[in-house]
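The following exercises are to be worked through with the sequence and the structure at hand. Each task is followed by a solution that proceeds step by step.

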Amino acid sequence: MTGTRPYDALLTKGEERKRRILEVAQRLLGRNGWRNTSLAQIAAEAGVTPAGLLHHFESKAQLLHAVLELRDDDDDRHADREGDLLEQLENVALRFERSPDQVRMFTVLQAENLDPDTPLHDRLLFRYHAALETVAEGIRRGQRDGRFRSDLDAADKAVEVIAFINGMETSWLLDPSIPLVRVFREYARSLGRELSRDDVPSATA
């Protein structure tokens with residue numbers, strides 16, 4: 001005998017409801033921020049009762065972390081942290097087009113959680129440092145392979161790269177007409193020229 005057992009169907013329905021709650025939360029948080037988005041609002045738009053929402057997420061803080069985990073999971077699926085740094089940088093533009101609600105949500109939550117006392121500050125700071133280290137290590141790999149200049153400080157250059165990405169997220173949300181693919185491609189090429197340039201003037205010249 002084949003077919004879905006009642007318990008399996010109930011489990012699947014629960015996962016679908018949870019995913020719907022996360023999608024709605026992501027959209028509302030991106031539009032209103034976490035301070036102006038209530039669990040009741042999210043539940044109503046997701047088509048569940050407040051009790052139904054709390055069955056999946058015990059608190060607002062837990063839900064906030066869950067939507068950030070969605071973004072982290074998306075990055076994990078699409079990013080190759082051991083791959084070529086410049087190629088990966090170009091590919092960042094695809095995330096904007098693939099997951100615009102995630103970009104908006106992350107940008108808004110990041111701006112709202114700059115104060116150390118805010119609920120997501122520590123998580124976002126940890127993620128920022130992890131992103132810096134990923135970029136810095138990509139530069140170091142190039143330096144070890146002889147592709148990139150050895151006189152550049154990889155950690156300092158990583159700060160610049162992440163600042164560019166964060167700035168582009170904000171700029172694109174203000175003006176979606178920005179040609180993302182071209183801008184990221186040209187920045188990656190410019191960065192590649194700087195990292196590989198061997199005609200750097202001497203400090204004593």
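**Exercise 1.** Leaving aside its neighbours within four places in sequence, with which residues is Arg-71 in contact?

*Solution.* The model is a predicted one, and the solution begins by placing the residue: Arg-71 lies in helix α4. Once the neighbours within four places in sequence are set aside, the contacts of Arg-71 are Arg-95, Gln-102, Phe-106, Arg-127 and Glu-169. The next step concerns accessibility, where the cut-off for a buried residue is under 20% relative accessible area; Arg-71 has 2% relative accessibility and therefore counts as buried.

**Exercise 2.** Determine how the axes of α4 and α5 are arranged, and state which residues make the contact between these helices.

*Solution.* First, the helices are delimited: α4 comprises residues 60-78 and α5 comprises residues 85-98. Second, their axes come within 11 Å and cross at roughly 135°. Third, the angle is classified: over 145 degrees would count as roughly antiparallel, and 65 to 115 as roughly perpendicular, and α4 and α5 are therefore oblique to each other. The crossing of these two helices is right-handed. On the α4 side the contact is made by Arg-71, Asp-74, Asp-75 and His-78, while α5 contributes Gln-88, Arg-95 and Arg-98. Sorted by character, the residues of this contact comprise 5 charged, 2 polar and no nonpolar.

**Exercise 3.** Is Arg-81 buried, partly exposed or exposed, and what surrounds this residue?

*Solution.* Arg-81 is located in the loop between α4 and α5. Its relative accessibility is 37%, and because partly exposed covers the range between the 20% and 50% limits, Arg-81 counts as partly exposed. Apart from neighbours within four places in sequence, Arg-81 is in contact with Asp-75, Asp-76, Thr-134 and Arg-141. As a further step, one may take the C-alpha atoms of Arg-81 and Ala-131, which are separated by 9.7 Å although the two residues are 50 residues apart along the chain.

**Exercise 4.** Relate the annotated spans to the secondary structure of the model.

*Solution.* According to an unreviewed UniProt entry, the annotation "domain: HTH tetR-type" covers residues 15-75. Over residues 15-75 the model is 80% helix and 0% strand, with the end C-alpha atoms 21 Å apart. The unreviewed entry also carries the annotation "DNA-binding region" for residues 38-57. For residues 38-57, the helix content is 75% and the strand content 0%, and the end C-alpha atoms lie 13 Å apart.

Note on methods
Residues are numbered from 1 along each chain as its sequence is written. This is a predicted model: local features need pLDDT of at least 70, side-chain atom pairs count only at pLDDT 80 or more; totals for chains, interfaces and linings use all residues. Side-chain values use heavy atoms; hydrogens and water are left out. Axes are lines fitted to C-alpha atoms, for helices over the stretch in contact, and angles run from 0 to 180 degrees between N-to-C directions. Helices (H or I, at least four residues) and strands (E, at least two) are DSSP runs, numbered from the N terminus. Angles under 35 degrees count as roughly parallel, over 145 as roughly antiparallel, 65 to 115 as roughly perpendicular and the rest as oblique. A crossing is left-handed if the near helix is turned anticlockwise from the far one by less than a right angle, and right-handed if clockwise. Contact means heavy atoms within 4.5 Å. Ala, Val, Leu, Ile, Met, Phe, Trp, Tyr, Cys and Pro count as nonpolar, Asp, Glu, Lys and Arg as charged, and the others, Gly among them, as polar. UniProt positions are given in the numbering used here, feature names are shortened, and annotations may be inferred rather than shown by experiment. Buried means under 20% relative accessible area, exposed over 50%, partly exposed in between (1.4 Å probe, protein chains only).
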